[in-house]
Amino acid sequence: MTIRKKNLKSPEELPKCTTGIRGLDEITDGGLPKGRPTLICGSAGCGKTLMAMEFLVRGAAQFNEPGVFMSFEESSDELAQNVASLGFDLNELIASKKMYIDQVRIERSEIEETGEYDLEGLFIRLNYAIDSIGANRVVLDTIESLFGGLANEGVLRAELRRLFRWLKEKGVTAIITGERGEKMLTRHGLEEYVSDCVILLDNRVEGQISTRRLRIVKYRGSSHGTNEYPFLIDEKGISVLPITSIGLQHGVSTERISTGIPRLDTMMGGEGYYRGSSVLISGTAGTGKSSIAANFANAACSRGERCLYFAFEEAPSQITRNMRSIGIDLEPWIEQGLLDIYAVRPSIYGLEMHLVKMYKMVTEFKPEVVIIDPVTNLIAIGSDTEVKSMLARLIDFLKANQITALFTNLSHGGSLEMTEFGISSLMDTWLLLRDIEIGGERNRGLYILKSRGMAHSNQIREFLLTDKGIDLIDVYLGPGGVLTGAARSAQEAQEKASDLMRKEEIERKKRELERKRAALEAQITAMRSEFESAEEEVAKLTQQEEMQEKVLAGDRTEMMRLRRGDDMRTRK
Amino acid sequence: MKAVEECSDMWELRLYVAGQTPKSMTAFANLKRLCEEHLEGKYRIEVIDLLKNPQLAKGDQIFAIPTLVRKLPQPLKRVIGDLSNTERVLVGLDLRPLKE
């Protein structure tokens, strides 16, 4: 629920004092009210002093605004030591007259009150400090200590009221810190005096994980974020995470980037994911989610892009070793600074803190591709709504920066098409990896459940992890359903065998026909020869007959010649 | 009238004020009276006006006005207010009057 006024810089608009603290200026729409006191309250150890100190140090170092730190608790040396770990060199700033630290020690046991008094001494000290370095910023940490040191509360309250008025007149931007009270924001009701801006810091522990949060309780005359914002204290100071839902105004890209797996690219219209889209890979344990993620990382780095890999399960060395076993060597990318694997146990921080951390790392590393493996592990440390809102914020943030994000999601049996916290609606592309259990084997199957804005394959592919990388194979769709793995091979072998048999059968039939033809032909030949022999015989007989006839005719002529006329006359 | 502890040599007292305010005047008058009563001839009062010398406020940890600081004898003692409550001043300065 960020209220953002239109950025019309009207003359009445409150001048702001940039804090330089990462994120805080965005929430406050420019910084703290300039020339006015701001109250920072919170319980012990929530970072009040540090925030106040960072305000001064950044002012002195970055904005050339010297600052006075009036401490009622810690000494100058202690303060210097405390912030040295954050990379601030207080002594150097003090030496160059950019900072002035004054410790006000109040020991009740050393003080005897003997009548009327006021706190003019404090005013004089502060005034002297401000004037000696020309300070624009002032911190009073923690002025409530006065309540512990002085018995006359009436005087004290009147003086505090005067002090804050005086600070305003002085025109310095001041931070006053106060300990959180039971019913009030501060133990002694300082909020009564400081009414311009009140920031509440909080360090809550939920499920043994503490998260620091910041909320602007009020900011008179200015718009500001009203949410609780998580913040982080690390080696570079405080970072507040300003991202709420950034909204859906981000530009989209039509550029496509390879998934690193050629056949997967083919399944997605031949080109891969959209740049700046969010990709979810869900599947049960051991289905190869991380391998797909690593392939994508590898592909990104090969293109010369930067990739930030958040690993919530494995150490970086373990990831590189495991990926080498499937033919992906991530080591060179790490050495070239293209790939950064950030491995951390999810339970180490709260959810918000992870978000802050990621936000910070993304801002610093400026990757083109972000991998979160697995996003599911974050669920253990937050409620569903928290996780969902966190992811929505993260995705919005990444999309706004045109960063392609790949999330893996471990699902636990049941309906695979359900992510634990309903994040699927936030995703543009959703790949589902599933076990296909047939014939005493588990094999991996992959399909695209959805992919916004692109034509994609609706087929299940068998997903093989080989030492040369990931391979996608068409699954066997037989009468018995989808077959994979050994069953697929068996089925293929069987098909091959029956194919062979069929071929043999045809061959055999052919040979049989051939034989038949041969037999028939033999028969024909036999018959023909029989016929021929018969024919021959007939011819022979005919010849004989003719011969005989001839002979007979010859004989008769001979006889007639011999019998001459006799017979002829006789016969006639 | 013997009013001082046996070990006491010179009492060095410093009164911090901020200008000539009624409170400072009262404080000074009260201090003067007390010293005369209890530390006759054995005390020295230094009045410091912080409006003129603001840099001195830090050294003696002054935040309330008026403040009386016992520099000597050791240890350092601090009394704030206009010193109108004599009993408390005496306690604060560790000055025990020996009344007959």
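The following legends describe close-up views of a predicted model.

**Figure 1. The contact between chain A and chain B.** The contact draws on 25 residues of chain A and 26 residues of chain B. Between them, the two chains bury about 2,200 Å², and carbon and sulfur atoms account for 56% of this area. Residue pairs in polar contact between chain A and chain B, both at pLDDT 80 or more, number 18. On the side of chain A that touches chain B, β5 (99–103), β6 (111–113) and α5 (120–133) each contribute at least two residues. The largest share, six residues, is supplied by α5(A). Sorted by class, this side of chain A comprises 12 nonpolar, four polar and nine charged residues.

**Figure 2. A salt bridge and strand pairing at the interface of chain A and chain B.** Two salt bridges are found across this interface. One of them joins E112(A) to R88(B), with the closest N and O atoms 2.7 Å apart. Strand pairing also links the chains: β6(A) runs parallel to strand β4 (residues 77–80) of chain B, and three bridges connect the two strands. Within this pairing, E112(A) lies opposite V79(B) of β4(B). E112(A) thus appears in this view both as the salt-bridge partner of R88(B) and as the residue opposite V79(B).

**Figure 3. The nine-stranded open sheet of chain A.** The strands of this sheet follow the order β17-β16-β18-β19-β15-β20-β21-β22-β23, and their pairing is mixed. β17 (339–343) and β23 (469–474) of chain A occupy the edges; each has a single partner strand, so one side of each is left without a neighbour in the sheet. From one strand to the next, the twist averages 25°.

**Figure 4. Parallel pairing of β18 and β19 in chain A.** Strand β18 (residues 369–373) and strand β19 (residues 404–410) of chain A are paired in the parallel sense through four bridges. V369(A) has T404(A), in β19(A), as its bridge partner.

**Figure 5. Helices α12 and α13 of chain A packed on the sheet.** Helix α12 (residues 351–365) of chain A touches β16 (307–311), β17 and β18 of chain A. The direction of α12(A) makes an angle of about 160° with that of β16(A). Helix α13 (residues 384–400) of chain A also packs on the sheet, where β15 (278–283), β18 and β19 of chain A are the strands touched. The angle between the directions of α13(A) and β19(A) is about 155°. Strand β18(A) is touched by α12(A) and by α13(A).

Conventions: Residues are numbered from 1 along each chain as its sequence is written. Chains are lettered from A and ligands numbered from 1 in the order in which they are written. This is a predicted model: local features need pLDDT of at least 70, side-chain atom pairs count only at pLDDT 80 or more; totals for chains, interfaces and linings use all residues. Side-chain values use heavy atoms; hydrogens and water are left out. Contact means heavy atoms within 4.5 Å. Buried area is the accessible area (1.4 Å probe) that two parts lose on being put together, summed over both. A salt bridge is a side-chain nitrogen of Lys or Arg within 4 Å of a carboxyl oxygen of Asp or Glu. A polar contact is a pair of N or O atoms within 3.5 Å; within protein, one must be able to donate a hydrogen and the other to accept it, and residues adjacent in sequence count only if both atoms are side-chain atoms. Ala, Val, Leu, Ile, Met, Phe, Trp, Tyr, Cys and Pro count as nonpolar, Asp, Glu, Lys and Arg as charged, and the others, Gly among them, as polar. Two strands pair if DSSP finds at least two bridges between them. Axes are lines fitted to C-alpha atoms, for helices over the stretch in contact, and angles run from 0 to 180 degrees between N-to-C directions.
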